[in-house]
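Please look through the sequence and the model below, and keep both in view while reading. The paragraphs that follow go from single residues to helix packing and then to the chain as a whole.

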Amino acid sequence: LLHLTFTEETVELLSIQILITLKRLDTAPSLEVDWEEKEVLRTTKAFQVAKEMIEKLHAKESSTIPEDENCFIAMNILGAKVHRDDFSSDSEKELEGLRNVVKRMINDFQAHACIIFDDREGLEDNLIAHIKPTYYRLKYGVKIANELAESIQENYSELIHLTRKVMIHLEYFVGVEIPEEEVAYIALHFGGWLKRERKQVPADYQAIIVCENGIGTSNMLKSQLENLLSGIKITQTFSMREFESQKDALDVDIIFSTNFIKEKDIPVIHVPAILSNTDKEFVMQELNKHLSYQGKQRNEAEKLIAIIERHATIHDRDRLLQ
């Protein structure tokens, strides 16, 4: 109804929240939501969807469902992490405000980082898809657990620093300070675009990514893998549910997944969302095992060694080649 694809974690959390709401309707007093917030929530598509859902699921059809409970579910739907969003259910007014915020954030990020994003339009769309639920989470005080935040801060401290500098635009728009967990997720979006270039590298193999951590994490993982692996083109990113529905029709050489997938016809390499140096070595080893990838890599390295030999004395050729 909302033209969204939620992450697997979001589907699970929303299911639990709706179940608790249904139990509470029968056994306890209703929640209370501030009347001003209710005025805003009533105008959203998420409120109508929440109302329809609870009415369908509630066993005692004769009883009236308190509007505050509809509002509570609507808040959580609006603040839920998404894997994909086509914005077709959003009003122009909603999108215009967020798009202006995102444009100012990108302008400042480019100035601070001294770079120009090649695919600025793509970055804008992805940032809006992420910042929309972030905005509602902050507005309604919906907390998220970001298990990747520590890893992002550890591996991409400079990226976090640059992102924090541009958060002032979102803080002004929402009216609250942005928590570190949210900053870390937004940093992933910028990181996923930072190293993209217009030039196309010829690809010998095609791959897909299956990732359940949302848009930003999928893009960051894609960027890390593309920068690590020459000759492999990542054609698409899937959520777990999208993968399950399309896996029989896939025509790729390798699957990278942050979730456990039982290997069938296509080799699967299981990876974390943020790759450490050890993870990168593991990916290379697995690729060499599954594809004729080592010969190509060694050939490129031999060419590089030949150039180095013309200008320097190599004391340990084998180790340098490795």
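A301 is a residue of helix α14, which covers residues 294–311. In this predicted model, the relative accessibility of A301 is 21%, and A301 therefore counts as partly exposed, since the word buried is kept for values under 20%. Along the chain A301 and L321 are 20 residues apart, yet their C-alpha atoms are separated by 6.3 Å.

The loop between α13 (277–290) and α14 holds L291. With a relative accessibility of 12%, L291 counts as buried, because that value is under 20%. If neighbours within four places in sequence are left aside, L291 is in contact with Y205, I232 and D253. L291 can also be compared with I254, for these two are 37 residues apart in sequence and 8.6 Å apart in space, taken from C-alpha to C-alpha.

Another loop, the one between α5 (92–113) and α6 (120–140), contains C114. C114 has a relative accessibility of 67%, so it counts as exposed, the cut-off for that word being over 50%. The backbone of C114 also deserves attention, since its phi is near 60°, a positive value in a residue other than glycine. Helix α5 itself contains N107, which is partly exposed with a relative accessible area of 40%. From N107 to F117 there are ten residues in sequence, and the two C-alpha atoms are 9.8 Å apart in space.

Two residues in other helices can be read next to these. T163 has its place in helix α8, residues 157–166, and T163 is buried, with a relative accessible area of 0%. Not counting residues up to four places away in sequence, T163 touches F109, V183, I186, A187 and F190. N70, in turn, is found in helix α4, which spans residues 67–78, and N70 counts as buried at 4% relative accessibility. Once residues up to four places away in sequence are not counted, the residues that N70 touches are F47, A50, K51, I54 and I65.

The next step is to look at how two helices pack. In general, two packed helices are described by the angle between their axes and by the distance between the axes. Helix α1 (residues 8–27) and helix α3 (residues 45–57) pack at an angle of about 60°, and their axes are 11 Å apart. That angle makes α1 oblique to α3, because the range for roughly perpendicular is 65 to 115 degrees and the range for roughly parallel is under 35. The crossing in which α1 passes α3 is right-handed. Which residues meet where these helices pack? From α1 come I18, T21, L22 and L25, and from α3 come M53, I54 and L57. Sorted by class, this contact of α1 with α3 has six nonpolar residues, one polar residue and no charged residues.

M53, a residue of helix α3, shows this packing in one place. M53 is partly exposed, with a relative accessible area of 28%, and, apart from its neighbours within four places in sequence, M53 is in contact with I18, I73 and I77. M53 and I18 are 35 residues apart in sequence, but from C-alpha to C-alpha they are 8.8 Å apart in space.

The text now turns to the nonpolar cores. In soluble globular proteins, nonpolar side chains tend to be buried together. The largest nonpolar core of this model has 59 residues, and of these I77, M105, L127, I131, L170, I186 and F190 touch the most other members. I131 can serve as an example, for it is in contact with L98, V102, M105, L170 and I186 when neighbours within four places in sequence are left aside. Another core, of 18 residues, lies apart from the largest one, and among its residues are A207, L229, I254 and L275.

Finally, the whole chain can be described. The secondary structure of the protein chain comes to 15 helices and six strands. How much of the chain is made up of buried residues? Of its 322 residues, 45% are buried. Of the contacts in the chain with a separation of 6 or more, 75% are accounted for by residues 24 or more positions apart.

Methods. Residues are numbered from 1 along each chain as its sequence is written. This is a predicted model: local features need pLDDT of at least 70, side-chain atom pairs count only at pLDDT 80 or more; totals for chains, interfaces and linings use all residues. Side-chain values use heavy atoms; hydrogens and water are left out. Axes are lines fitted to C-alpha atoms, for helices over the stretch in contact, and angles run from 0 to 180 degrees between N-to-C directions. Helices (H or I, at least four residues) and strands (E, at least two) are DSSP runs, numbered from the N terminus. Angles under 35 degrees count as roughly parallel, over 145 as roughly antiparallel, 65 to 115 as roughly perpendicular and the rest as oblique. A crossing is left-handed if the near helix is turned anticlockwise from the far one by less than a right angle, and right-handed if clockwise. Contact means heavy atoms within 4.5 Å. Ala, Val, Leu, Ile, Met, Phe, Trp, Tyr, Cys and Pro count as nonpolar, Asp, Glu, Lys and Arg as charged, and the others, Gly among them, as polar. A nonpolar core is a set of buried Ala, Val, Leu, Ile, Met, Phe, Trp, Tyr and Cys residues joined through side-chain atoms within 4.5 Å. Buried means under 20% relative accessible area, exposed over 50%, partly exposed in between (1.4 Å probe, protein chains only).
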